[in-house]
Structure formats: C-alpha cells, structure tokens
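Reader: I have a new model open on my screen and would enjoy a guided walk through it. Could we take it feature by feature?

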Amino acid sequence: MVENLSIDLDKLYEECIKAHNVISSYIHKTPLDKSATFSRMTDGIIYLKYENLQKTGAFKVRGALYKVHKIVQSNKSKGVIAASAGNHAQGVAYAASVFGLKSIIVMPKTASISKIEATKNYGANVILYGEVYDEAYKKAKEIAKEKGYEFVHAFDDLNVIAGQGTIALEILKELSDIDVVIVQIGGGGLASGIAIVIRKLRGKSVKIIGVEPENAPKMKLSIKSGKPIEIETKPSLADGLVTKRPGNITFKIISELIDDVVTVSEDEIAQAMYLLLERNKILAEGAGAAGLAALLSGRIDVKGKKVVTIISGGNVDLTAIYRIILRGLSSIGRIVSLKGSIPDVPGSLSKVLQIIAKERGNIVEIYHNRFEPLVDPWHAEVELIVEVPNKETVNKIIKRLKTLGLTFKAE
C-alpha cells in the first residue's frame, strides 16, 4: 500500500549522484538553451533542456542505463525485459546492448512503427501486445517470470528514477538560480527524479509543476483522490504520457514534492510541437512538447521568472508530422476552413480564388459539392482549406467575398 511505502529521499538523492557517475560516459550532456521566442511569448525567461537530442532520442535512456547497470552488478539475470510505448523500449534495448545482456521489449500494438523499428535496431526482441502500455506491462511481467529475465519498469523503480534525476543535476550545474521547473508526467519517473534533486539542492525556492495531457490526467486525479487510481484514457499526441495509473513510488514522491499538476489539450500540444519546429528548428514528439504547451497556454504564471522545461523526447513518427503541422497551423489560425455556397455557373469559383490570392492566402484543399440538399438551387457548397499569414487575413477575405454577395464562414 502507498501509505505504508517508505522512501528515503536523501538516500535517493545520493543514488542520483551515483547514477550520474555511472551513465555519463554512455549518454550525451544535452544542451540547455535560452529561447528568446518563448520568453517573449510568455513574458518569462525560458530555458529548454533538449533531451530530444539524447541517445535513443529521449531521456528514458538515463534511467534504463542505471537500472541495467545495477542488474549486471547483481549477476542474477539472463537478460532484461521491459514494457513500453517506445522511448523506454529503446532505452532498455540500448542499455542491454551496452552491458552485454539480451533484451525483450513488449510494446502496445498502437506503438508507432518508427519506435518499434528503432527498438529492434538496438538488438531487442520486440513483442507487440495490447492496446496501451498497461496491457503490455502485464504481458511483460508474465514473460519475465517464464524466462527468468529481470523486469525493468518504465517509471516505478528507484534506480530508474535516480537515472532520470541526473537531468536536474545537469540543469542546476549550468543554471542555479531558477524559479520554476516544468516537467511532464507519464508514469512519473522523470518528474520524481527531478523533484528529488531540486528539493535537495534548492528546497522550496523552486516551484515544480507537472504536466499531463487532458486525455490522460492520471496523476492529477490520483492526487485529488489521495491515492493512485486507474482512469480511462483517450489517445493523445503525447502518447508517451498515456498510462492508466501512476506508480506507487512515483505517486508518493510527486504528491509530496511537486507544487501542482496542470493539463494540456491536444491542440495545445500540436501548437507547441509546431512552434518548436518553426521557431527553434527542434523536432519534438508530443510528450516532449507537453511542458512547453503548458507554458504557452498561460496556465502557469511565469512573468519575470526564470523557467526550465524539458523537451523530453524527439521520437515522433515521421508519417504523423504532416498532420501535426496542419493541426498546429490550425490552432494558431494559420490554416483555416472557409465554408459557403456559390452560384453553380462558370467563373464563380474563380472569383473566390482570386480574392483569396490577393490577400496572400494559399489554397491547400478544395471541396466542391453540387448535391448538398440544404444549399439553394443552382448553387454548390464549397469548402476551402486555406493557409493564411494571420487571423486578420481571414476576416478580410470574408468581407471581400461578402461584397460579391457570397457568405462564407471560417471554422
């Protein structure tokens, strides 16, 4: 039971130090970069810790390396097994290859093809099972028992948490006088490790805010309930943060050490991914951009404050980037759907397109329907997907179309 769980935070901090000494030769010391763009947009002083540039493309390799190192030291295991939607999978597979162990990774069937293939390329035997992490987890535990492999938990493990805490050690070595740290919460391993180090070295002087997708607010609801609870989740762009239940260890640490948990919408995640790509030339997956999404949403007051958020991973499925960019453009008004009806006579559509072109709108798609029963006779329904410089342009286009007697609305 969680209430009977005893965790020595001082000892766990010391474990973070040991983890850093062990894994530093196998990982990248990732950049901590001040962003003028996001500082201007939030009225804060924003720093981004680029764990998307880490080995295997995400922070997860830190905890995996330290845990597998501990397993090798014990001389008890024939191999390691893990369950993961992707980033922990690659981290464990890489760590096993570094320390010469066999690895099996159970991944949900919904895991992205790119993450599945990357995990295989690190030498792991990949088994696809279940629709979400929690189902893959149960299967992995069964296989671990059958084969005598050591299970490497994605987040609810003290050694894994210690490995993730090395990120905070790097941050504070470069930037000691921070006011706010914003960290994503999936199962809670990253947030737990960072909170332990921050509280040990900076006490309560630093505010720690956790971030979850609205589609999987398991930690927020668990804290509200006073214990870890299982929730129903929905698919999310931040698939790495979608779990039904937080861990017992991570719940205890996070509920005691962090100040608040906020949630972000799918549109806010998409917008953050898009802006990172457009403004900072950084490709982040949904989970990696969720902390920035919380900043840009205005849910956290950072005016005049020095803030660090972690871009925790960059393993986005390349086939999804087009859809994400379109969604991001739509959320900031750069892509708009214009719907209306036009006379079904030659030249009508051409007049509409000329007005859009004069306002520097770029047509992405055109849908032309003559068979809509609710449209006036001898008219056709038209939907135009248009790329525009800004939201004001949309209003200008609609006003100019109205001078032709055409009523269009933006969606």
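Author: Happy to, and please keep in mind that this is a predicted model. A good place to begin is residue L338, which stands opposite L384 in β13.

Reader: Thanks! How many bridges join strand β11 to strand β13?

Author: Strand β11 covers residues 335–343 and strand β13 covers residues 379–387. The two run antiparallel, and L338 facing L384 is one spot where you can see them side by side. The number of bridges joining β11 to β13 is nine.

Reader: And which residue of β14 does K339 stand opposite?

Author: β11 is also joined to strand β14, residues 408–410, and that pair runs antiparallel. Three bridges hold this pairing. Opposite K339 in β14 you will find K409.

Reader: Let's turn to the open sheet. Which strands stand at its edges?

Author: The sheet has four strands in the order β5-β4-β3-β6, with parallel pairing. An edge strand has a single partner, so one side of it is left without a neighbour in the sheet. The strands that fit this description are β5 (125–128) and β6 (150–151).

Reader: Which residue of β6 does I81 stand opposite?

Author: Strand β3, residues 79–83, pairs with β6 in the parallel sense. Two bridges make up that pairing. Across from I81, the residue in β6 is F151.

Reader: At what angle does α4 run to β4?

Author: Helix α4 spans residues 87–99. This helix lies across β3 and β4, the latter being residues 102–107. Its angle to β4 is about 175 degrees.

Reader: Now some helix packing. Are α9 and α10 roughly parallel or roughly perpendicular?

Author: Helix α9 is residues 218–225 and helix α10 is residues 248–257, and their axes lie 11 Å apart. The angle between them is about 75 degrees. Because angles of 65 to 115 degrees fall in one class, α9 and α10 count as roughly perpendicular.

Reader: How many charged residues does the contact of α9 with α10 have?

Author: From α9 come M219, S222 and I223, which meet T250, F251, I254 and S255 in α10. By class, the contact has four nonpolar and three polar residues. The count of charged residues is none: no charged.

Reader: How far apart are the axes of α11 and α12?

Author: Helix α12 covers residues 286–297, and α11 packs with it at an angle of about 100 degrees. That makes α11 roughly perpendicular to α12. The distance between their axes is 7 Å.

Reader: And how many charged residues are in the contact of α11 with α12?

Author: On the α11 side the contact has E268, I269, A272, M273, L275 and L276, while α12 brings G286, A289, L292, A293, L296 and S297. Nine of these residues are nonpolar and two are polar. The number of charged residues is one.

Reader: Let's look inside. What is the volume of the largest cavity?

Author: The structure holds two cavities of 30 Å³ or more. The largest is lined by 26 residues, and K60, G186, G187, G240 and L241 lie nearest its centre. The elements that give two or more residues to this lining are α4 and α8 (189–202). The volume is about 320 Å³.

Reader: How many nonpolar residues does the lining of the second largest cavity have?

Author: This cavity has a volume of about 50 Å³. Its lining is M273, Y274, L277, I282, L283, A284, I321, I324 and I325, with α11 (266–280) and α13 (321–331) each supplying at least two. No polar and no charged residues take part, and the nonpolar count is nine.

Reader: On to the pockets. Which element gives the most to the lining of the largest pocket?

Author: The largest pocket has a volume of about 650 Å³. Of its 27 lining residues, T110, P235, S236, L237 and D239 lie nearest the centre. By class, the lining has twelve nonpolar, six polar and nine charged residues. The element that gives the most, with three residues, is α13.

Reader: Finally, which helix gives the most to the lining of the second largest pocket?

Author: This pocket has a volume of about 290 Å³, and the closest to its centre among 14 lining residues are Y133, D134, Y137, H153 and R245. The lining divides into four nonpolar, three polar and seven charged residues. Five residues come from the helix that gives the most, residues 133–147, which is α6.

Key:
Residues numbered from 1 in each chain as written. Predicted model: local features only at pLDDT ≥ 70, side-chain atom pairs only at ≥ 80, totals over all residues. Heavy atoms only, no water. Pairing = 2+ DSSP bridges. 1 Å grid on protein atoms, 1.4 Å probe; cavity = no way out; pocket = protein on both sides within 12 Å on 5 of 7 lines; lining within 4 Å. Points joined across faces, edges and corners; volume = space filled by probe spheres on them. Nonpolar A, V, L, I, M, F, W, Y, C, P; charged D, E, K, R; others polar. Axes fitted to C-alpha atoms, helices over the stretch in contact; angles between N-to-C directions. Parallel < 35°, antiparallel > 145°, perpendicular 65-115°, else oblique. Contact = heavy atoms within 4.5 Å.
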